[in-house]
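Q: Please take a close look at one part of this structure, for a reader who has not met it before. A connected account of its helices, its sheets and their surroundings would be welcome.

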Amino acid sequence: MITIKEKRKTRIGEEFIFSLKAPISFSNAIRRIMISEVPTFAIEDVYIYENSSSMDDEILAHRLGLIPIKGKPLLENEVITFTLEKEGPCTVYSSDLKSENGEVAFKNIPIVKLGKGQRIQIECEAIPGIGKVHAKWQPCNAVYKQIADDEVEFFVETFGQMEAEEILEEAVKILKNKAESFLQQLEMIEQ
Amino acid sequence: MVEYKCLNCKKIIKLEELGKRARCPHCSYKILVKLRPKVVKHVKAR
C-alpha cells in the first residue's frame, strides 16, 4: 500500500516522499526499477554540420546527451529531433535547442560559450532508453529507510523528465510485467 | 578534399596545390593549419 506524504518542486526537478507497506524485497525492486528501468528520452545521435567553437565535437555531444528532455516515451522507436544553430559571441543554452515535437526540461543549462565569429550548427535525435544502459536516461534517484516491519519511506528526487508519481506508476507496471513473464516461464517449465 | 589555411596570408590552399612541399604557394610561409572537412559528422552522445 502506497501513502503519499510530501511533494515539492526544486530547482532541478521534484522531491517526492511516500511510504510503502510491502516486503523489503518488493520495495527494493521498486527502487531499482525506478532508477534503472523506467524509459525516458535523451539525446543519443548528434549530427554536427559545423563547429568552430573551442569545444570538441565529442564533448559537445556528451553535454547535449545529459540535457533532460520532457516526456514519457510511448513507443520504442519514437524520435525527437532538435536543431541548434548559433553564432558568437554568445553563450549557447539548452533553450536554443529547437524542436517541433519535443521540449527540454530546463531552459537555462549552458552548453558552450562562443567567441566572435565562432559558429555551431547541429542536429540531434533524442530516443527512448533506460538508466541501465546510460545514466542520461535515468529519470530519478530513489532511496528508502525502514520505518516499521515491512514498511519503508521512499525519498525520490526526479530530474525533470517526468513527474515523480508517473515514474512510480511506470515502475509498478514494469515490475508487474516482469512478474507475469516470470510466472509464464515457470508454467512452461512445469508443462 | 583536404584544405589548409596559411597563417600568414590567410589563403585557403588545397592539398593538390601544396604538392610535396609543406609551404604556402603564395607567400612561402611554413605554418599551415588543416581545416575541418566539409562533411556531416555523426557522434554518439555518450
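A: The account below begins with one sheet and the helices that pack on it, and then turns to the second sheet and to the smaller chain.

The model is predicted. In chain A, four strands make up an open sheet in the order β1-β2-β9-β8, with antiparallel pairing. Its edge strands are β1 and β8 of chain A, each of which pairs on one side only. On average, neighbouring strands of this sheet are turned by 15 degrees against each other, direction ignored.

The pairings inside the sheet can be followed strand by strand. β2(A) and β9(A) run antiparallel and are joined by eight bridges. One residue pair shows where they meet: A:Ser19 has A:Glu153 in β9(A) as its bridge partner. β9(A) also pairs with β8(A), again in the antiparallel sense and over eight bridges. Here A:Ala148 stands opposite A:Glu151 of β9(A). β8(A) and β9(A) form a hairpin with two residues between them, and A:Asp150, in the turn, has a positive phi of about 60 degrees.

On the edge strand β1 of chain A lies A:Lys9. This residue is exposed, because its relative accessible area of 64% is over the 50% cut-off. Leaving aside neighbours within four places in sequence, A:Lys9 is in contact with A:Glu14 and A:Glu163. The C-alpha atoms of A:Lys9 and A:Glu157 are separated by 9.8 Å, although the two residues are 148 residues apart along the chain.

Two helices accompany this sheet. The helix α1(A) lies across β2, β8 and β9 of chain A, and runs at about 165 degrees to β8(A). The helix α3(A) packs on the sheet as well, touching β1, β2, β8 and β9 of chain A; its direction makes about 45 degrees with that of β2(A).

The lengths of both helices can be checked. With 13 residues at 1.5 Å a residue, α1(A) should span 18 Å, and its end C-alpha atoms are 18 Å apart, which agrees. Helix α3 of chain A has 27 residues (residues 164-190) and should span 39 Å; its end C-alpha atoms are 39 Å apart, which agrees too.

Each helix has a set of buried residues. In α1(A) they are A:Ser27, A:Ile30, A:Ile33, A:Met34, A:Ile35 and A:Ser36. What covers them includes β2, β8, β9 and α3 of chain A. In α3(A) the buried residues are A:Ala164, A:Ile167, A:Leu168, A:Glu170, A:Ala171, A:Ile174 and A:Leu175. They pack against β1 (2-10), β2 (13-21), α1 (24-36), β8 (140-148) and β9 (151-158) of chain A. An α-helix has 3.6 residues a turn, so residues three or four places apart point the same way.

A further sheet involves both chains. It is an open sheet of four strands in the order β4(A)-β7(A)-β3(A)-β4(B), with antiparallel pairing. Its edge strands, each pairing on one side only, are β4 of chain A and β4 (41-44) of chain B. The twist averages 25 degrees from one strand to the next. Eight bridges join β4(A) to β7(A), which run antiparallel, and A:Phe82 has A:Cys124 of β7(A) as its bridge partner. The helix α2(A) packs on this sheet, touching β3, β4 and β7 of chain A together with β4 of chain B, and its direction makes about 150 degrees with that of β3(A).

Nonpolar side chains tend to be buried together in soluble globular proteins. The largest nonpolar core here has 25 residues; those with the most contacts inside it are A:Ile43, A:Val46, A:Leu64, A:Phe82, A:Leu97, A:Ile111 and A:Ile122. The elements giving two or more residues to this core are β3 (40-51), α2 (57-65), β4 (80-87), β5 (90-93), β6 (110-114) and β7 (119-129) of chain A. Beyond its neighbours within four places in sequence, A:Ile122 is in contact with A:Val46, A:Tyr47, A:Ile48, A:Leu60, A:Leu64, A:Phe82, A:Thr83 and A:Leu84. A second, separate core of 21 residues includes A:Ile30, A:Ala142, A:Ile167 and A:Leu168.

Chain B, which supplies one strand to the sheet shared by both chains, has one helix and four strands, in the sequence pattern β-β-α-β-β. Of its 46 residues, 20% count as buried.

Conventions. Residues numbered from 1 in each chain as written. Chains lettered and ligands numbered in written order. Predicted model: local features only at pLDDT ≥ 70, side-chain atom pairs only at ≥ 80, totals over all residues. Heavy atoms only, no water. Buried < 20%, exposed > 50% of the residue type's maximum accessible area, 1.4 Å probe, protein only. Expected span 1.5 Å × (residues − 1). Contact = heavy atoms within 4.5 Å. Pairing = 2+ DSSP bridges. Axes fitted to C-alpha atoms, helices over the stretch in contact; angles between N-to-C directions. Core = buried A, V, L, I, M, F, W, Y, C linked by side-chain atoms within 4.5 Å.
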